[in-house]
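Take a look at the sequence and the model below. This report walks through rings, helices, cores and cavities in turn.

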Amino acid sequence: MALADALRRHDPSIGITALGTERGLETRLVPERGYHLELIPAVPLPRRPTPELITVPGRLRGTVRAAQEIIERVQADAVVGFGGYVAMPAYLAAKRAGVPIVVHEANARPGLANKIGARYTDFVAVSTPDSKLRDSRYIGIPLRRTIATLDRNAVRPEARHYFGLDQRLPTLLVSGGSQGARRLNETVQAIAPRLQQYGVQILHAVGPKNELPQIDDIPGMPPYRALPYVDRMDLAYAAADLMLCRAGAMTVAELAAVGLPAAFVPLPIGNGEQRLNAQPMVKAGGGLLVDDAELTPDWVLQNVLPVLTDPQRLWDMSRAAAEFGRRDADDLLVQMVYEAIDAARGGRRRG
């Protein structure tokens, strides 16, 4: 959606069609943003080469035909894929139709769809300099304009007022993503009284399906604001001095872009991509990293609290995070899309 918005800024008349599946959030998010959505059947792919991969071509045929019909009907000049269920059939359909392909990989460890898609194009963008996709261009992740243009210092008074926070106190933002994370929630709820005793206030997005902690404001103590969901993450970032969070690619990219240091707790499942996502920002000095099993109240007390109560260290980490961040990935990806189209029209597209 950030790329679509950027394309429309460059050319308000441009036609944009999003491909999705019935099971995805795009069925709600894409129409809400005013873009046309076409649905194709979902074909789940194994995360790595396995015997199950042999069955993929047969399951893909109908989906590829459906994607190609849409590509030809809308007369697409380019197909941009970000991985996921729709990317593989979209790449194969675009190759059949002779339409140039642009691949964007958000994670440090690329998925199977993008590994294959990258073979069909010279135009491959990645979100981290540590990406393993060959011949790729590091641009970052296209971000929402409210995030990409955020000035945390300028917006902080408004943001803290919005959440009912004290304007002067160090602030910890906690979120496990849109659905929350039980490990983070339980740890923070256990250590919250100690953090408050040290003068730290907390803004905690627990997740819409998780139980909110029963916490009353105590006179003279810093606030603890627990919410099921935060729909103004720009204001949450502006209000915070440090974030405790998972390490999804988008989260890492947004924090780096706005210069908000973080304590990353990578999700302990999958193929380890969340740890890889966080490592460049941590190496740059903009974050801390802890395994999920090692996240305890004591770890927070010994590692997070000293940062929150040290203004100079917070400033240093914020500057390091911002130097690693990229705010212009949407415009850079737009440029790559036009490059791919121009190359195809000039007959230089890879076969």
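How many aromatic pairs does the structure hold? The structure, a predicted model, holds one aromatic pair. Its partners are Tyr162 and Phe163, with ring centres 4.9 Å apart. Their planes meet at 85 degrees, so the pair is edge-to-face; the cut-off for that label is over 60 degrees.

Is Phe163 buried or exposed? Phe163 is buried, because its relative accessible area is 9% and the limit for buried is under 20%. Tyr162 has a relative accessibility of 46%, so Tyr162 counts as partly exposed.

**Charges over rings**

Two tyrosine rings have a charged residue over the face.

| Charged residue | Ring | Distance to ring centre |
|---|---|---|
| Lys95 | Tyr120 | 5.4 Å |
| Arg326 | Tyr138 | 4.9 Å |

**Two helices**

Helix H10 covers residues 249-258. How many of its 10 residues are buried? Eight of them are, so the helix is mostly covered. Among the buried ones are Ala249, Val252, Leu255 and Val258. Glu254 is also on the buried list. Just after H10 comes Gly259, with a positive phi of about 70 degrees.

Helix H4 spans residues 87-97. Its buried residues include Met88, Pro89 and Tyr91. Ala87, Ala90, Ala93 and Ala94 are buried as well. Just after H4, Gly98 takes a positive phi of about 70 degrees.

**The cores**

The largest nonpolar core has 37 residues. Which residues have the most contacts inside it? They are Leu173, Tyr237, Met243, Leu255 and Phe264. H10 gives this core its largest share, seven residues. A second, separate core has 27 residues, including Val200, Leu242, Val290 and Leu308.

Now follow Met243. Leave aside its neighbours within four places in sequence. Met243 is then in contact with Leu172, Leu173, Ser175, Met233 and Tyr237, among others. Leu255, Leu260, Pro261, Ala262 and Ala263 are also in contact with Met243.

**The cavities**

How many cavities of 30 Å³ or more turn up in a search of the whole structure? The search finds two. The largest has a volume of about 160 Å³. Its lining counts 15 residues. Ser127, Ala249, Val252, Ala253 and Phe324 lie nearest its centre. H10 appears again here: the largest share of this lining, four residues, comes from that helix.

Keep H10 in view as you turn the model. H10 gives the largest share of the largest core, and also the largest share of the lining of the largest cavity.

Definitions and conventions: Residues numbered from 1 in each chain as written. Predicted model: local features only at pLDDT ≥ 70, side-chain atom pairs only at ≥ 80, totals over all residues. Heavy atoms only, no water. Buried < 20%, exposed > 50% of the residue type's maximum accessible area, 1.4 Å probe, protein only. Helix = DSSP H or I, 4+ residues; strand = E, 2+ residues; numbered from the N terminus. Core = buried A, V, L, I, M, F, W, Y, C linked by side-chain atoms within 4.5 Å. Contact = heavy atoms within 4.5 Å. Phe/Tyr/Trp six-rings, centres within 6.5 Å; stacked < 30°, edge-to-face > 60°. Lys NZ or Arg CZ within 6 Å of the ring centre and 35° of its normal. 1 Å grid on protein atoms, 1.4 Å probe; cavity = no way out; pocket = protein on both sides within 12 Å on 5 of 7 lines; lining within 4 Å. Points joined across faces, edges and corners; volume = space filled by probe spheres on them.
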